[in-house]
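Work through the following exercises with the sequence and the model at hand. Try each task on your own before you read the solution beneath it.

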Amino acid sequence: MPDSPFESPLPSFVGREDELAEVTAHLTRPEVRLLTLTGPGGVGKTRLAVRGAAEVRDAFAETVIVSLAAVRDPELLLATIAQALGVPEVPDAPLREQLQAHLAERQLLLVLDNLEQIVDAAAPLVAQLLATCPHLTVLATSRTRLGIRSEQVIPLGVLNTAEAWQLFLERAQAITPAFAATDETTPIIAAICDKLDRLPLAIELAAARIGVLPPAAVLARLEHRLPLLTGGPRDAPVHQRTMRDAIAWSYDLLDADAQRLFRRLAVFVGGFTLDAAAVVAGDEADVLDGLTGLVTASLVNPTAGIDGEPRFVMLETIREYALEHLTTSGEEDVVRQAHLRYLTDMAEQLWESAWDRDYEPSVRRLRPEQDNLRAALGWALVHEPVTAIRLVGALADYWIAYGHLAEGRAWVERALAVPAERPPAIHGRALAAAGWLAKDQGDLAQAETYLTEAAAIARNLTDDGLQLQLQVLFLLSTTVT
């Protein structure tokens, strides 16, 4: 074992200045005994930990880095750490006591890399070592925090735009030294990085393809990311050689209920609320606990929602993996039906509140759901055309409120064009929506056609409330004539 873990060249490091400064600031504070870097697979926890340890090496008498990626058996954790520290074995003496005695007076920074698969064994061991070894500081990396009282946690997010672009360029040049960014390729590289969620491992794997594929060809193949994101360095841990393996490492650590929730949440595009998650999870699921576990495992990220209600998102690269499992699970149709039902209920609440004080909150709640609405409508047009008609008819106010007239009209007209036996009330509402949108676009002749047909349907309805809604919409068309 070398005297210093930094005798060999450090792994290349791009960006992360703010995160590195935060790590070094924590490690040089005496009261911080345990610092854990968390984040999804491939986000760069190990590199930041190694770089941070190097930055503060003068503050410690010793630094030891222990890679635990290959350790899946909790029984091997203690022995692996002891061997890395050079603890001499004493016959008939418990190894835990030997380790504590070995560390008792040493001023040491112990870096424990990749703990998530053995976190249940690691947490009590680390807690005991910190309690009995007063000069010990532990820097851990894990996709989930250790959950002990002395722990400080730094969640590691994806790269910013400039860092992601620079990382791609450096890794591409490592493969193809002659590669250079040009006026033509610069925006393409930026688009590749955005498509990959600016996730470092994904960017590195994509950049490695530059030896064979030009940037435009790489971007074209990212509609399905995971098949492209392979071929990582042979000296990397197995779960870091492909993006699929990196995500599978986290997925395999989940219990069956958490795996089920994870794959079902993949139906959401652009995020979801806790209520939405409950709809696709099923009534029997404890969604709050399950979602908390996925957030802790760095597979789902919390973010700010509407009116203080939390919202959650998956990185698209992770969502693609979850979708693969949803498809193979046999649950996809049931989950997509639940997703569609949830959004249709939201839209119909808006339609029903068009003339009362709940109108503005109903419109506002729909705004973050644009990508979900698109996904639900695309699926419904093929699989549930009657529900598609219901949904487009209820969304006219939403599209008008946010100025999405062309998109809204296109969806309505696509739904109206699908052959289906639809209830007159639902058909009339969709025609009214089409007319209103066409009118606001200035297509007055087509607006009059749609609204006249809607009014004819309304006159034959016994539901006075719906008839009134359609009549009011028709009256709005008076400027047509």
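## Exercises on a sheet and its empty spaces

In this predicted model, T38 stands opposite P155 in β5.

**Exercise 1.** Find the order of the strands in the open sheet, and explain why one side of β2 and of β5 is left without a neighbour.

*Solution.* Begin with the whole sheet, which is open and built from five strands, and read their order as β2-β3-β4-β1-β5, with parallel pairing. Next, look at the two ends of that order: β2 (62-67) and β5 (151-155) stand at the edges and have a single partner strand each, so one side of each lacks a neighbour in the sheet. Finally, consider how the neighbouring strands are set against each other, for they are turned by 15° on average when direction is ignored.

**Exercise 2.** Describe how β1 is joined to β4 and to β5, and decide whether the residues of β1 are buried or exposed.

*Solution.* Start with the partner β4 (residues 136-141), which runs parallel to β1 (residues 34-38) and is joined to it by four bridges. Two places in this pairing can be checked by eye, since T36 stands opposite A140, while the bridge partner of L37 is T141. Then turn to β5, which is also parallel to β1 and is joined to it by five bridges.

For the second part, recall that a residue counts as buried when its relative accessible area is under 20%. Five of the five residues of β1 are buried, so this strand is largely enclosed by the rest of the structure. In a regular strand the side chains alternate between the two faces of the sheet. In β1, L34, T36 and T38 lie on one side and L35 and L37 on the other, and both faces are covered.

**Exercise 3.** How many cavities of 30 Å³ or more are found in the whole structure, and which residues line the largest cavity?

*Solution.* A search of the whole structure finds two such cavities. The largest cavity has a volume of about 60 Å³, and its lining consists of Q370, L373, R374, L377, L395, Y398, W399, H404, E407 and W411. Sorting these residues by element shows that α17 (370-383), α19 (396-401) and α20 (405-417) each give two or more of them, and that α17 gives the most, with four residues. Sorting the lining by character instead gives six nonpolar, two polar and two charged residues.

The second largest cavity, with a volume of about 40 Å³, is lined by P40, G41, R143, M243, A246, I247, S250, L299 and I318. Helix α10 (residues 243-252) supplies the largest share of this lining, four residues, and the lining as a whole divides into six nonpolar, two polar and one charged.

**Exercise 4.** Which element gives the largest share of the lining of the second largest pocket?

*Solution.* First locate this pocket, whose volume is about 480 Å³, by finding L254, D255, A258, G290 and G293, which lie nearest its centre among the 22 lining residues. Two elements, α11 (256-265) and α13 (287-296), give two or more residues to the lining, and the largest share, six residues, comes from α13.

**Exercise 5.** Decide whether E369 is buried or exposed, and find what its side chain contacts.

*Solution.* Locate E369 in the loop between α16 (359-366) and α17. Its relative accessibility is 4%, so E369 counts as buried. A polar contact of 2.8 Å then joins the side chain of E369 to that of N372.

How values were computed:
Residues are numbered from 1 along each chain as its sequence is written. This is a predicted model: local features need pLDDT of at least 70, side-chain atom pairs count only at pLDDT 80 or more; totals for chains, interfaces and linings use all residues. Side-chain values use heavy atoms; hydrogens and water are left out. Two strands pair if DSSP finds at least two bridges between them. Axes are lines fitted to C-alpha atoms, for helices over the stretch in contact, and angles run from 0 to 180 degrees between N-to-C directions. On a 1 Å grid over the protein atoms alone, a cavity is a set of points where a 1.4 Å probe fits but cannot get out, and a pocket is an open set with protein on both sides within 12 Å along at least five of seven lines; lining residues have an atom within 4 Å of a point. Grid points are joined across faces, edges and corners, and a volume is the space filled by probe spheres set on the points. Ala, Val, Leu, Ile, Met, Phe, Trp, Tyr, Cys and Pro count as nonpolar, Asp, Glu, Lys and Arg as charged, and the others, Gly among them, as polar. Buried means under 20% relative accessible area, exposed over 50%, partly exposed in between (1.4 Å probe, protein chains only). A polar contact is a pair of N or O atoms within 3.5 Å; within protein, one must be able to donate a hydrogen and the other to accept it, and residues adjacent in sequence count only if both atoms are side-chain atoms.
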